[in-house]
Amino acid sequence: MDFTTAARGSSFGLRGIRCPLKTNWNSFVGVGRGRDSIRRPSILRLATSDRIAFNESQQNIFNGKVKEFLQPLPLEIVQRLESIVGSVPELGPDSRVMDVGSGTGCLIPCLQSKGVSDILAVDISPEMCAQLEKKFPNPGVVGNELGVRVWCGDIVDIPDFMGPVDCIFMNAVFGNFFDVEEALLRCALMLRPGGKIVISHPLGRNWQSALHAKYPKMVPHALPDREGMETMIRGLPLEVHEWKDESDLYVAVLEVPPFYTFKHSPLFLEGKVVVGMGRGSKQMGVPTANVDPVPLKEQLESISQGVYFGWAQLQCNSNFSPEDGGVFPMVMNVGNRPTIEDEGEITVEAHILHDYGKDFHGENLKLCALGFLRPEVKFPGLDALIARIKADIGMSKSQLQAEEMGAFKANPFFS
């Protein structure tokens, strides 16, 4: 069957699978804003004028495409949708799933056939969201009832309380994001450890690439090949879990590793505690121990800048109690703190979950990093940064409670 799909989307709320229709592509030309290059993620949830304009244009386009999206899909496309959902075989009645770019919800029946009943459908278009709510009535306002909930907005703006989820689908939409890495970062932060992001297209990468070449302003990005995807997620807490790049089907499954493990974990660092800027305690209420990064240069060059967690031990002198020499949970930032806009070399700052009761500058500190939570992010302000730091601390404490993580407290490194 000869058919096309209304392929579009933006990071502001994206269509799932597109319905077969004879689209007048000329009506799309000149709408939106292309991005010729992919930048590293640095600003999260900071709505720039360019992103707002891009999102508004996408919203306006697809508000008028609802009837076309409601047309039935060909059997072969339905079968590919089922295959896409089947790429995460562990999905079931206990799973929480986000369908980014849900459109009129054509991926949802495939999820429901797997027993998934807790689904968050995300889209930019109020008209599309209205159709979603019509097809899948709101299960309730209490928040405990299972069903399909609808959120209209930009995926990078989605509130934290909407998560965490077990799987996020981005079907036939990834090339249309305003910023693909920004979207990946936001989704990674919404996932539980071991959670998946499924990036797919039922017509394949070559078809989507041709669309990108013809309409670069509407479809700013071509779908990446395997090497391109590996480059894209470098510095993010994601790994390629499964890859399928066929002529008529593209499926890339990314995973937040269990326990947030990273390539070089466990990473053992040791150094003297030096005087820092004082901002950890004075401005944010999160005291940190700054470790001299100079002797650690080679080790630090092998890892991504960002937030890690693990265990810490202070090599105490006789002025401290014996308890202070124990091994305690810690959250560590490696980088240059873009929100605070520090200048200079990379710093190593550890927030240790123990009150030593006194200053310990000049003492030796041992750090064992086990998990990588996220890259450094430039937040809109200190309030957003503090909220994220508190979330990082909570996630770290939760992960370190696992037996596998706790075993490292007895590592010979700590003495």
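Y250 is buried, with a relative accessible area of 0%. In this predicted model, Y250 also pairs with W243 in an edge-to-face arrangement, with 5.5 Å between the ring centres and 75° between the planes. Zooming out, the protein chain has twelve helices and 15 strands, and buried residues make up 54% of its 415 residues. Two sheets are worth a look: an open one of seven strands and a closed barrel of six.

**Aromatic rings**

- A search of the whole structure turns up eleven aromatic pairs, and the W243–Y250 pair is one that counts as edge-to-face.
- F413 and F414 make another edge-to-face pair, at 5.2 Å centre to centre and with 65° between the planes.
- Buried or exposed, what are F413 and F414? F413 is buried, and F414 is buried too.
- F413 has a charged companion as well: K366 lies over the face of its ring, 5.2 Å from the ring centre.
- K358 does the same kind of thing with F320, lying over the ring face at 5.2 Å from the centre.
- F262, Y308 and F372 come together as one aromatic cluster.

**The open sheet**

- Reading across this sheet of seven strands, the order is β5-β4-β3-β6-β7-β9-β8, and the pairing is mixed.
- Why do β5 and β8 each have one side without a neighbour in the sheet? Strands β5 (147-152) and β8 (239-246) stand at the edges with a single partner strand each, so one side of each is left free of a neighbour there.
- On average, neighbouring strands here are turned by 15° against each other, ignoring direction.
- Strand β3 (residues 96-100) pairs with strand β6 (residues 165-171) in the parallel sense, over four bridges.
- If you want a spot to find that pairing on screen, D99 stands opposite F169 in β6.
- Helix α5 (residues 126-135) packs on the sheet, where it touches β4 (118-123) and β5. The direction of α5 makes about 170° with that of β5.

**The nonpolar cores**

- The largest nonpolar core has 59 residues, and M98, L184 and I199 are the ones touching the most other members.
- Helix α6 (residues 180-190) gives this core its largest share, with eight residues.
- Which residues does L184 touch, once those up to four places away in sequence are set aside? The list is F174, I197, I199, M232, I233, L236, L238 and L254.
- Another core, of 26 residues, lies apart from the largest one, and its members include F262, L267, F328 and V348.
- As for contacts in the protein chain with a separation of 6 or more, 75% are between residues 24 or more positions apart.

**The barrel**

- Six strands close up into a barrel that runs β10-β11-β14-β13-β12-β15, with antiparallel pairing.
- From one strand to the next, the twist averages 45°.
- Strand β13 (residues 327-335) is mostly covered, with eight of its nine residues buried.
- β14 is mostly covered too: five of its six residues are buried.
- β13 and strand β14 (residues 347-352) pair in the antiparallel sense over six bridges. Along this pairing, M332 stands opposite A350 in β14, and G335 has T347 as its bridge partner.
- Strand β12 (residues 306-315) pairs with β13, also antiparallel, over eight bridges. Here Q313 stands opposite V327 in β13.
- How many bridges join β12 to strand β15 (residues 364-375)? Ten bridges do, and the two strands run antiparallel. V307 stands opposite R374 in β15.
- Strand β11 (residues 289-291) pairs with β14 in the antiparallel sense over three bridges. V291 stands opposite V348 in β14, and V348 is also among the members of the 26-residue core.

Methods:
Residues are numbered from 1 along each chain as its sequence is written. This is a predicted model: local features need pLDDT of at least 70, side-chain atom pairs count only at pLDDT 80 or more; totals for chains, interfaces and linings use all residues. Side-chain values use heavy atoms; hydrogens and water are left out. Two strands pair if DSSP finds at least two bridges between them. Axes are lines fitted to C-alpha atoms, for helices over the stretch in contact, and angles run from 0 to 180 degrees between N-to-C directions. Contact means heavy atoms within 4.5 Å. A nonpolar core is a set of buried Ala, Val, Leu, Ile, Met, Phe, Trp, Tyr and Cys residues joined through side-chain atoms within 4.5 Å. Buried means under 20% relative accessible area, exposed over 50%, partly exposed in between (1.4 Å probe, protein chains only). Rings of Phe, Tyr and Trp (its six-membered ring) pair if their centres lie within 6.5 Å; planes under 30 degrees apart count as stacked, over 60 as edge-to-face and the rest as tilted. A charge sits over a ring if NZ of Lys or CZ of Arg is within 6 Å of the ring centre and within 35 degrees of the ring normal.
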